[in-house]
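Let's take a walk through this one, going from the domains to the ligand. Have a look at the model first.

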Amino acid sequence: MLKNKSALVTGSTSGIGLGIARALAQAGAKVMLNGLGEPAAIERTRRELAEATGSDVRFHSADLTRPDEVAALIAATEAAFGGVDILVNNAGIQFVAPVDEFPAAKWDAIQDIVLNASFHAIHAALPGMKRRNWGRIINLVSAHGLVASPFKSAYVAAKHGLVGLTKTVALEVAETNITCNAICPGYVRTPLIEGQIEAQAKAHNLPHDRVIREVILAAQPTKRFIEIDEVAALALFLCGEQARSITGTALPIDGGWTAR
Ligand code: NAD
């Protein structure tokens with residue numbers, strides 16, 4: 001389905017990004033991985049993905065808090081594969097605190113990684129997509145791009161901003177074969193969420209299973225985590241020709257959370 005296409009997935013050394021990278025590589029796309037982590041472990045992941053899928057899988061270590069490194073990441077992907085046909089802005093971090101106690105440096109880091117890096121990546125990748133008159137931009141947002149929760153001011157603000165960027169880009173390129181969409185998952189069990197389970201268990205002095213049901217999944221009516229594969233399948237669908245008229249959307253995959 002994606003033979004002759006190339007994809008860049010930011011934050012794909014772990015979690016949802018890695019799942020999306022796997023789905024795209026399985027569909028035949030050449031894939032550039034990106035993210036933080038221990039170099040030997042990343043190289044193992046890269047090699048396993050390349051061997052399992054038969055696709056050209058590479059890695060770039062850009063730190064997305066740095067605009068120059070985001071530009072270098074796009075340039076390196078274009079040099080390696082001849083273009084960025086599919087851009088998945090997936091990297092994200094979380095920090096939880098009341099707004100009046102929220103550390104300014106954490107606020108900045110979340111805006112930089114979630115919102116600013118997505119702008120810089122789209123800014124750099126879009127000219128090539130326009131030249132080739134084909135592109136798919138997928139921004140990994142969250143149910144928190146549509147509704148808020150207390151203590152997540154930076155994350156909720158950045159994710160709402162990313163929905164706005166998604167809509168604007170979609171309108172600007174609407175008459176081309178480029179689409180831009182946001183995927184808005186509820187809770188998916190990844191290292192990002194494991195950290196929150198751990199922190200809440202300590203804060204409330206509760207066992208993990210009660211934290212999961214009573215705290216983490218309290219807002220998610222299905223009371224089960226969304227699987228990484230489900231998010232990856234939606235991303236893959238958005239890359240196909242049958243999704244060419246889906247643009248400017250913020251698609252929830254949230255077990256009914258935002259239906260309330
Ligand atoms: P994760 O922690 O497993 O993965 C995050 C990835 O981002 C990692 O590869 C990490 O190395 C990378 N990253 C972090 N800071 C970076 C930086 N400065 N430069 C480059 N890469 C950086 O988290 P995840 O749960 O897979 O989250 C992926 C995306 O999905 C995030 O945008 C997150 O907000 C979003 N999301 C997650 C959930 C969930 O429940 N897990 C729900 C909704 C949305």
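How much area is buried between domain 1 and domain 2, and what percentage of it do carbon and sulfur atoms give? Before the answer, some ground rules: this is a predicted model, where local features need pLDDT of at least 70, side-chain atom pairs count only at pLDDT 80 or more, and totals for chains, interfaces and linings use all residues. Residues are numbered from 1 along each chain as its sequence is written, and side-chain values use heavy atoms, with hydrogens and water left out.

The domain assignment (automatic or from a database) splits the protein chain into domain 1 (6–186 + 228–242) and domain 2 (187–225). Their C-alpha centres sit 25 Å apart. Now the answer: about 730 Å² is buried between domain 1 and domain 2, with 61% of that from carbon and sulfur atoms. Buried area here is the accessible area (1.4 Å probe) that the two parts lose on being put together, summed over both.

As for who touches whom, 12 residues of domain 1 are in contact with eight residues of domain 2, contact being heavy atoms within 4.5 Å. The rule finds zero salt bridges across this interface (a side-chain nitrogen of Lys or Arg within 4 Å of a carboxyl oxygen of Asp or Glu).

On to the ligand. It has 31 residues around it, and Ser 14, Asn 90, Tyr 155, Val 188 and Thr 190 come nearest; a residue counts if one of its heavy atoms lies within 4 Å. An N or O atom in the Tyr 155 side chain is 2.5 Å from a ligand oxygen, while a polar backbone atom of Val 188 lies 2.7 Å from an oxygen atom of the ligand.

Key:
Polar contact = N/O pair within 3.5 Å; in protein donor to acceptor, adjacent residues only side chain to side chain.
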